[in-house]
Amino acid sequence: MQNTDKKFSLTQFKLFLDLAVLALFITVNIPQLTGLAGHEWVSFVFVAPFLVHLVLNWKWIVSVFSRLFKKLPGETRFNQIWDTLLFIMMTLVIFSGTIVSEAALPALGIHIEIDPFWRSIHTGMANLLMLMFGVHLTLHWKWIVSNFRRYVLQKTV
Ligand code: HEM
């Protein structure tokens with residue numbers, strides 16, 4: 001009984017964390033909402049729950065990568081490839097955003113000359129990242145909806 005409770009509370013924590021990641025991601029993708037400085041600081045804040053999201057799904061990550069060259073169900077293989085691309089793209093967008101920073105880095109006393117190449121990488125890849133994030137959400141939609149109903153709307157499923 002105690003175990004089940006623990007498991008439920010972990011799922012609940014994952015759900016609220018994922019909702020926070022989603023809300024921050026949407027905010028970051030609409031810089032008009034926060035202004036450019038806000039966009040940069042909110043992006044830095046976003047990194048923390050994003051990393052916790054990876055840590056909480058670490059068991060799955062290790063399990064699929066330990067079977068990299070072995071047979072895996074098609075859906076799991078697709079998720080593995082998609083999530084890897086998503087991670088690479090996320091890293092690229094955060095990295096390029098950081099080196100074209102106009103507010104946060106200068107406020108921290110770090111001054112880097114802004115390179116138009118990295119700027120176009122940042123804006124171009126951010127659009128692609130939005131699409132990839134949307135597909136990631138769709139692939140986990142059933143989990144999100146059933147746990148949202150259970151923990152937010154308090155409906156049993
Ligand atoms: C998940 C991370 C991030 C996402 C999804 C993201 C997304 C975006 C989007 C959608 C735009 C507007 C693009 C356009 O106008 O077409 C933008 C612009 C910008 N972002 Fe980010 N961003 C992220 C992280 C960062 C970080 C960490 C920084 C700096 C600390 C940053 C700095 C900038 C700057 C300076 C611009 C304006 C670029 C320009 O004027 O062309 N971004 N970002």
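Helix 4 and helix 6 run roughly antiparallel to each other. The model is predicted. The exercises start from this pair of helices.

**Exercise 1. Derive the relation between helix 4 and helix 6 from the angle between their axes.**

Solution.
- Step 1: take the geometry. The axes of helix 4 and helix 6 cross at roughly 150° and come within 9 Å.
- Step 2: apply the cut-off. Angles over 145 degrees count as roughly antiparallel.
- Step 3: conclude. Helix 4 and helix 6 are therefore roughly antiparallel.
- Step 4: add the hand. The crossing in which helix 4 passes helix 6 is left-handed.

**Exercise 2. Classify how helix 2 and helix 3 each lie against helix 4.**

Solution.
- Step 1: start with helix 2. Its axis and that of helix 4 cross at roughly 160°, coming within 12 Å.
- Step 2: compare with the cut-off of 145 degrees for roughly antiparallel. Helix 2 and helix 4 are therefore roughly antiparallel to each other.
- Step 3: turn to helix 3, residues 58-65. The axes of helix 3 and helix 4 come within 11 Å and cross at roughly 110°. Helix 3 is therefore roughly perpendicular to helix 4, since 65 to 115 degrees is the range for that class.
- Step 4: compare hands. Helix 2 passes helix 4 in a left-handed crossing. Helix 3 also passes helix 4 in a left-handed crossing.

**Exercise 3. Check the span of helix 4 against the expected value.**

Solution.
- Step 1: count residues. Helix 4 covers residues 74-99, which is 26 residues.
- Step 2: work out the expected span. The rule is 1.5 Å times one less than the number of residues. For helix 4 this gives 38 Å.
- Step 3: compare. The end C-alpha atoms of helix 4 are 38 Å apart, so the span agrees with the expectation.

**Exercise 4. Which residues of helix 4 are buried, and how do Phe-78, Gln-80 and Ile-81 classify?**

Solution.
- Step 1: list the buried residues of helix 4. They are Thr-76, Asn-79, Gln-80, Trp-82, Asp-83, Leu-86, Met-89, Met-90, Val-93, Ser-96 and Gly-97.
- Step 2: recall the cut-offs. Buried means under 20% relative accessible area, and exposed means over 50%.
- Step 3: take Gln-80. Its relative accessibility is 3%, so Gln-80 counts as buried.
- Step 4: take Phe-78, also placed in helix 4. At 41% relative accessibility, Phe-78 counts as partly exposed.
- Step 5: take Ile-81, which lies in helix 4. At 48% relative accessibility, Ile-81 counts as partly exposed.

**Exercise 5. Set sequence separation beside C-alpha distance for residues of helix 4.**

Solution.
- Step 1: Gln-80 and Phe-65 are 15 residues apart in sequence. Their C-alpha atoms lie 8.1 Å apart.
- Step 2: Phe-78 and Leu-139 are 61 residues apart in sequence, and 9.8 Å separates their C-alpha atoms.
- Step 3: Leu-139 and Asn-79 are 60 residues apart in sequence, with C-alpha atoms 7.9 Å apart.
- Step 4: place Leu-139. This residue belongs to helix 6. With a relative accessible area of 30%, Leu-139 is partly exposed.
- Step 5: finish with Ile-81 and Val-47. The pair is 34 residues apart in sequence and 21 Å apart in space, C-alpha to C-alpha.

**Exercise 6. Which protein atoms bind the iron atom of the ligand, and what arrangement do the donors form?**

Solution.
- Step 1: name the protein donors. They are NE2 of His-39 and NE2 of His-122, lying 2.0 Å from the iron atom.
- Step 2: locate the donors in the chain. His-39 sits in helix 2 (residues 31-56) and His-122 in helix 6 (residues 116-139). The two are 83 residues apart, and the pair links distant parts of the chain.
- Step 3: test the geometry. Six donor atoms surround the iron atom, with angles of 86 to 179°, so the arrangement is octahedral. Ideal octahedral angles are 90 or 180 degrees.
- Step 4: check burial. His-39 has 12% relative accessibility and counts as buried. His-122 has 16% and counts as buried.

**Exercise 7. How many helices and strands does the chain hold, and what are its overall dimensions?**

Solution.
- Step 1: count the elements. The chain has seven helices and zero strands. Their order from the N terminus is α-α-α-α-α-α-α.
- Step 2: take the extents. The C-alpha trace spans about 55 × 40 × 25 Å along its principal axes.
- Step 3: take burial. Of the 157 residues, 28% count as buried.

How values were computed: Residues are numbered from 1 along each chain as its sequence is written. This is a predicted model: local features need pLDDT of at least 70, side-chain atom pairs count only at pLDDT 80 or more; totals for chains, interfaces and linings use all residues. Side-chain values use heavy atoms; hydrogens and water are left out. Donors are N, O and S atoms within 2.8 Å of the metal (3.2 Å for Na, K and Ca); water is not among the atoms, so sites may look incomplete. Four donors count as tetrahedral if all angles lie between 85 and 135 degrees; four count as square planar and six as octahedral if opposite donors are over 155 degrees apart and all others between 65 and 115; anything else is irregular. Helices (H or I, at least four residues) and strands (E, at least two) are DSSP runs, numbered from the N terminus. Buried means under 20% relative accessible area, exposed over 50%, partly exposed in between (1.4 Å probe, protein chains only). Axes are lines fitted to C-alpha atoms, for helices over the stretch in contact, and angles run from 0 to 180 degrees between N-to-C directions. Angles under 35 degrees count as roughly parallel, over 145 as roughly antiparallel, 65 to 115 as roughly perpendicular and the rest as oblique. A crossing is left-handed if the near helix is turned anticlockwise from the far one by less than a right angle, and right-handed if clockwise.
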